[in-house]
Amino acid sequence: MTTSRRKDGVLVLTAVGEIDAATVGRFRTELSGACVKGKHVILDLSGVRFLSCAGLQALEEANAVSPRFSVIVKTALVSRILDVSGVGADLDVRWDLEDVRI
């Protein structure tokens, strides 16, 4: 997971690989830390190939804490996981970083 800040000040977290039992601890720690600090957080899941139930729970927790939380999803698998689980219905899911406005 990497962290950057857009020109407009929005914090962007970028996750890659798989978010599963082996990686969800670090994912949750970095995500929850960012959501406490930032007013608006964007989580870019474009490079994520798999998202487990624990990862979904971390997304729900971040969405509940952050004043504004957006998720970038470009892969069919992650999009499907969000849809089937119902978690995506409560998230601000976007296709591109440019689609997210303050």
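Which residue forms a salt bridge with E30? In this predicted model, the partner is R26, and the closest N and O atoms of the two side chains are 2.8 Å apart. Both residues belong to helix α1, and because they are 4 residues apart there, about one helical turn separates them. That fits the general geometry: an α-helix has 3.6 residues a turn, so residues three or four places apart point the same way. As for its surroundings, E30 has a relative accessible area of 24%, so it counts as partly exposed.

The E30 pair is one of 5 salt bridges in the structure. Another is formed by D96 and K74, with 2.9 Å between the closest N and O atoms. This one ties together distant parts of the chain: D96 sits in the segment after β5, K74 sits in the loop between β4 (68-72) and α3, and the two are 22 residues apart. Neither partner is tucked away, since D96 is partly exposed at 22% relative accessible area and K74 is partly exposed at 36%. A further salt bridge brings the side chains of D92 and R94 together, at 2.7 Å from N to O. R94 is partly exposed too, because its relative accessibility comes to 29%.

Now for a charged residue that goes without. D20, in the loop between β2 and α1 (24-37), is buried yet has no salt bridge. What is the nearest side chain of opposite charge to D20? It is R49, and that side chain is 8.2 Å away, while a salt bridge calls for a nitrogen and a carboxyl oxygen within 4 Å. The side chain of D20 does have other company: one of its polar atoms lies 3.1 Å from the backbone nitrogen of A22. Leaving aside residues up to four places away in sequence, D20 touches F50 and S52.

The strands come next. β1 (residues 2-5) and β2 (residues 11-19) run antiparallel and are joined by 4 bridges. Within this pairing, S4 has V12 of β2 as its bridge partner, and R5 stands opposite L11. The hairpin made by β1 and β2 has 5 residues between the strands, and there G9 takes a positive phi near 90°. β2 also pairs with β3, this time in the parallel sense, over 8 bridges. In that pairing V16 is matched with G47 of β3.

Strand β4 holds S70. Is S70 buried or exposed? S70 counts as buried, because its relative accessibility is 0%. Not counting residues up to four places away in sequence, S70 touches H40, V41, I42, L43, D92 and V100. D92 thus turns up twice in this account, as a contact of S70 and as the salt-bridge partner of R94.

Helix α3 (residues 76-85) shows how a helix can have two kinds of face. V78, I81 and L82 are buried in this helix. Looking down the axis of α3, its buried residues fall within an arc of 95°, so they line one face of the helix. The face turned away from that buried side carries A76, R80, D83 and V84, which are exposed. What do the buried residues of α3 pack against? They pack against β3 (40-51), α2 (53-65) and β5 (92-94). Just after α3 comes G86, with a positive phi near 85°.

L56 gives a residue-level look at how helix α2, where it is found, meets α3. With a relative accessibility of 7%, L56 counts as buried. Apart from residues up to four places away in sequence, the residues that L56 touches are L51, I81, L82, S85 and V87. Among these contacts, I81 and L82 are also buried residues of α3. L56 and L82 are 26 residues apart along the chain, yet their C-alpha atoms are separated by 7.7 Å.

Technical notes
Residues numbered from 1 in each chain as written. Predicted model: local features only at pLDDT ≥ 70, side-chain atom pairs only at ≥ 80, totals over all residues. Heavy atoms only, no water. Buried < 20%, exposed > 50% of the residue type's maximum accessible area, 1.4 Å probe, protein only. Arc of directions from axis to C-beta. Contact = heavy atoms within 4.5 Å. Pairing = 2+ DSSP bridges. Lys, Arg positive; Asp, Glu negative; His and termini not counted. Polar contact = N/O pair within 3.5 Å; in protein donor to acceptor, adjacent residues only side chain to side chain.
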